[in-house]
Amino acid sequence: MPTHQNDDLAGARVLVTGGAGFIGSHFVKRILRSAGIARVTVLDALTYAGHIENLGEAFLSPKLAFAHGNILDADLVDELVRDHTAIVHFAAESHVDRSFFAAGAFVSTNVLGTQTLADAAMRHGVDKFVHVSTDEVYGPLPEGSASEDAPLRPTVPYAASKAASDLVALSYFHTYNVPVCVTRSSNNYGPYQHPEKIIPLFATRLLRGKQVTLHGQGQHVRNWLHVEDNCAGIELVLRGG
Ligand SMILES: NC(=O)c1ccc[n+]([C@@H]2O[C@H](COP(=O)([O-])OP(=O)(O)OC[C@H]3O[C@@H](n4cnc5c(N)ncnc54)[C@H](O)[C@@H]3O)[C@@H](O)[C@H]2O)c1
């Protein structure tokens with residue numbers, strides 16, 4: 001049985017995977033400011049993309065705990081999920097260009113990792129499982145925007161692994177009634193983004209007088225969302241989505 005109302009995080013114990021990464025660290029700082037929240041635990045493997053320093057002042061909060069570990073570690077995941085009322089799942093291999101050369105890690109972390117978490121969520125009956133995904137699952141759009149139920153047409157291994165992870169997470173909703181919500185935001189920008197991503201990469205290269213490389217003919221149009229706006233949306237979903 002749920003232990004608290006979804007639109008009221010009072011007493012909630014939230015497990016945040018990938019909370020030492022770019023978006024996850026902003027989200028952790030944000031929900032630590034939320035009234036009434038009892039505990040936030042970050043589970044992060046601290047890959048090349050995760051930096052404990054991203055959490056910085058968040059460690060001043062007695063409500064924050066950090067678990068260094070892998071979402072593929074079923075025993076650890078089970079132990080952590082048992083003690084939490086909600087999961088917000090950011091942990092992923094997230095860089096499209098790396099997926100061209102190391103797709104196996106993307107399938108393993110993004111798909112199997114999500115299934116490992118969903119399995120534990122099912123066993124322990126969490127109140128909410130927010131699975132953070134990407135608009136890239138819809139594939140490139142010639143124009144306009146995709147509706148929520150548009151067909152999934154990922155064209156790169158990163159997007160395919162995220163689409164697969166969405167379907168796995170949602171299958172736990174349909175099969176076991178796990179309260180799964182999926183968010184699919186567009187590209188994020190903001191402080192603490194890894195310098196491999198396009199805006200910090202281009203900014204740092206251009207500041208040094210170096211050239212930058214665009215895919216294709218430079219005709220692509222992208223939509224950008226500030227990381228704080230995405231985190232506000234994810235918090236809304238956590239509370240009542
Ligand atoms: N950055 C974007 O523009 C964007 C846009 C839409 C969706 N997303 C999604 O948001 C989520 C977070 O993206 P981000 O840009 O913050 O990513 P990021 O690469 O900055 O952070 C990922 C975090 O996950 C951790 N991690 C990776 N593998 C792990 C594992 N096996 N076990 C535990 N922790 C692991 C890393 O250490 C890191 O802290 C991802 O799921 C991504 O697909 C990102």
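1. Two strands are said to pair if DSSP finds at least two bridges between them. In this predicted model, strand E1 (residues 13-17) and strand E4 (residues 86-89) are joined by 4 bridges and run parallel. One residue of E1 may serve as an illustration: the bridge partner of valine 14 is alanine 86, in E4.

2. The pair E1 and E4 belongs to an open sheet of 6 strands, whose order is E3-E2-E1-E4-E5-E6 and whose pairing is parallel. Strand E3 (64-68) and strand E6 (180-185) occupy the edges; each has a single partner strand, so one side of each is left without a neighbour in the sheet. On average, neighbouring strands of the sheet are turned by 20 degrees against each other, direction ignored.

3. Helix H2 (residues 74-82) packs on this sheet and touches E1, strand E2 (39-44), E3 and E4. The direction of H2 makes about 170 degrees with that of E2. Helix H5 (residues 157-176) lies across strand E5 (128-134) and E6, and runs at about 160 degrees to E5.

4. The reader should next turn to the ligand. It is surrounded by 29 residues, of which the closest are Asp44, Ser94, Tyr158, Lys162 and Asn188. By class, this shell has 12 nonpolar, 14 polar and 3 charged residues.

5. Several contacts involve oxygen atoms of the ligand. In serine 94, a polar side-chain atom lies 2.7 Å from an oxygen atom of the ligand. In asparagine 188, by contrast, a polar backbone atom is 2.8 Å from a ligand oxygen atom. Glycine 21 also contributes a polar backbone atom, at 3.0 Å from an oxygen atom of the ligand.

6. How much of the ligand's area does the protein bury? Taken alone, the ligand exposes 830 Å², and the protein buries 97% of that. The elements that give two or more residues to the shell are helix H1 (22-32), E5, H5 and strand E7 (187-189). Of the shell, E5 supplies the largest share, with 3 residues. Strand E5 thus appears in two parts of this note: H5 lies across E5, and E5 contributes to the shell around the ligand.

Terms used: Residues numbered from 1 in each chain as written. Predicted model: local features only at pLDDT ≥ 70, side-chain atom pairs only at ≥ 80, totals over all residues. Heavy atoms only, no water. Axes fitted to C-alpha atoms, helices over the stretch in contact; angles between N-to-C directions. Contact = heavy atoms within 4.5 Å. Near = heavy atom within 4 Å. Polar contact = N/O pair within 3.5 Å; in protein donor to acceptor, adjacent residues only side chain to side chain. Areas by Shrake-Rupley, 256 points an atom, 1.4 Å probe, with all protein chains shown as cover. Nonpolar A, V, L, I, M, F, W, Y, C, P; charged D, E, K, R; others polar.
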